[in-house]
Amino acid sequence: SVPPGVLPLCHRPPAWGRAPRQPPGLPLAPCRAFSNNKILVELDESSGVATMKFKSPPVNSLSLDFLTEFCISLEKLENDRACRGVIFVSAIPKIFSSGLDITEMCGKSTEHYTEFWRAVQETWLRLYGSNMVTVAAINGSSPAGGCLLALSCDYRIMVENPKFSIGLNEAQLGIMAPFWFKDTFVNTVGHRVAERSLQLGSLHPAPEAHKYGLVDELVPEEKLQEKAAAVMAQWLAIPDHARQLTKSMMRKALLDRLVAHREEDIQNFVSFISKDSIQKSLRMYMEMLKKKN
């Protein structure tokens, strides 16, 4: 059993500047695909690239179980010297990830909110701080926490379907994006676009997301896998140590800021989410979703 607030295998801070996983000229170590309830991981041993497929119907919500599996899967790949990069994609049509599971934040105990939020933090720290090359292949809509997953990757490719949207829409739910969501967003799209988008809780259709730099590239759906592989190859052509140290230089300040204020951030979340007015907003939003379905 795992103590409250602690994720199995997910307690170490991101490791920076580690030596390249596989010396040139040596064969790649064998590695089998592994699957959990909500995530399928497949490693192509010839390229050293893993694909992590989200398979948590109906909408890949980031539940406590999903986040725990995500962290465990990412750590397994980080510790596998054969793996140098990961492509994230959804196995569910039309949705990349709907974001944080609202049922985890509604009508639960203080202890549960604490455990859930620590898992959310851990997921971001691991993904944003990963030594591996990370590419988001966004094959559906990706609001809120789903957007954060994509933002945390090194490169984002989205299917060029105007019906698919992405953004941090927390304001529409009557809540606000935490500072580290905001910082990651600002670093991607700039202060003015982020300020307007966050206040309005905007979800940007794929063409608009590309225009604002929220995603790096748009492709037809049938080309997504091919493009993700090509982008990954381009990034992996750079010596690992140089790329990793550069990534650390660019991202360390943001990571350090959350690590330094982690407990305070959890307390703020628990205090905020426990308020009657916020619980009421979340219940209303859940009722609205039920009516839509």
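Okay, let's start with strand S2, residues 39–44, where the side chains alternate. Ile39, Val41 and Leu43 point to one face and are buried, while Leu40, Glu42 and Asp44 point to the other face and are not buried. Before I go on: this is a predicted model, so please hear everything today with that in mind.

What does S2 pair with? Its partner is strand S3, residues 49–54, and the two run antiparallel over 6 bridges. If you want a spot to look at, find Glu42, which stands opposite Thr51 in S3. The hairpin has 4 residues between the strands, and Gly48 takes a positive phi there, near 75°.

Moving along the chain, there's a cis peptide bond joining Pro57 and Pro58, with omega at about 5°. Pro58 is in the loop between S3 and strand S4, which is 61–62.

Next, the other sheet I want to show you. It's an open sheet of 4 strands, in the order S6-S9-S11-S12, and the pairing is mixed. The edges are S6 and strand S12, residues 204–205, each pairing on one side only. S6 and S9 run parallel, joined by 2 bridges, and you can see Ile95 standing opposite Ser141 in S9.

A couple of backbone oddities turn up around here. Lys94, in strand S6, has a positive phi of about 75° although it is not a glycine. Is Lys94 buried or exposed? Exposed, because its relative accessibility is 61%. Ala144 is another non-glycine with a positive phi, this time near 50°. You'll find Ala144 in the loop between S9 and H3. Ala144 counts as buried because its relative accessibility is 12%.

While we're on loops, have a look at Asp101, between S7 and H2. This is a charged residue, and it counts as buried because its relative accessibility is just 16%, with the cut-off for buried at under 20%. Which residue does Asp101 come up against from elsewhere in the chain? Take Ser63: the two are 38 residues apart along the chain, yet their C-alpha atoms are separated by 5.0 Å.

Now the aromatics. The whole structure has 12 aromatic pairs. One of them is Trp124 with Trp180, a tilted pair, 5.4 Å centre to centre with 45° between the planes. That pair links distant parts of the chain, since Trp124 is in helix H2, residues 110–128, and Trp180 is in helix H4, 56 residues apart. Both Trp124 and Trp180 are buried. Trp180 also pairs with Phe181, and that one is edge-to-face, 4.9 Å centre to centre and 65° between the planes. Phe181 is buried as well.

Step back and these residues belong to one aromatic cluster, made of Trp117, Trp124, Tyr128, Trp180, Phe181 and Phe269. And Tyr128 has a charge over its ring: the charged end of Arg251 sits there, 4.2 Å from the ring centre.

Trp124 shows up again when we look for internal space. How many cavities of 30 Å³ or more does the search find? It finds 1, with a volume of about 50 Å³. The lining is Leu62, Leu67, Leu100, Val120, Thr123, Trp124, Gly145, Leu148 and Leu149. Helix H2 and helix H3, which is 145–151, each give at least two of those residues. By type, that's 7 nonpolar, 2 polar and no charged.

Last stop, the largest pocket, at about 1,300 Å³. It has 44 lining residues, and the closest to the centre are Ser98, Leu100, Ile102, Leu173 and Tyr285. Leu100 we've already met, in the cavity lining. Which elements supply at least two residues each of this pocket lining? On the strand side, S6 (94–95), S7 (99–100) and S9 (140–143); on the helix side, H4 (179–189), H9 (262–273) and H10 (276–292). So S6 and S9, neighbours in that open sheet, both contribute to the pocket lining. The pocket lining splits into 23 nonpolar, 12 polar and 9 charged residues, while the cavity lining has no charged ones.

That's what I have, so over to you.

Conventions. Residues numbered from 1 in each chain as written. Predicted model: local features only at pLDDT ≥ 70, side-chain atom pairs only at ≥ 80, totals over all residues. Heavy atoms only, no water. 1 Å grid on protein atoms, 1.4 Å probe; cavity = no way out; pocket = protein on both sides within 12 Å on 5 of 7 lines; lining within 4 Å. Points joined across faces, edges and corners; volume = space filled by probe spheres on them. Phe/Tyr/Trp six-rings, centres within 6.5 Å; stacked < 30°, edge-to-face > 60°. Buried < 20%, exposed > 50% of the residue type's maximum accessible area, 1.4 Å probe, protein only. Lys NZ or Arg CZ within 6 Å of the ring centre and 35° of its normal. Pairing = 2+ DSSP bridges.
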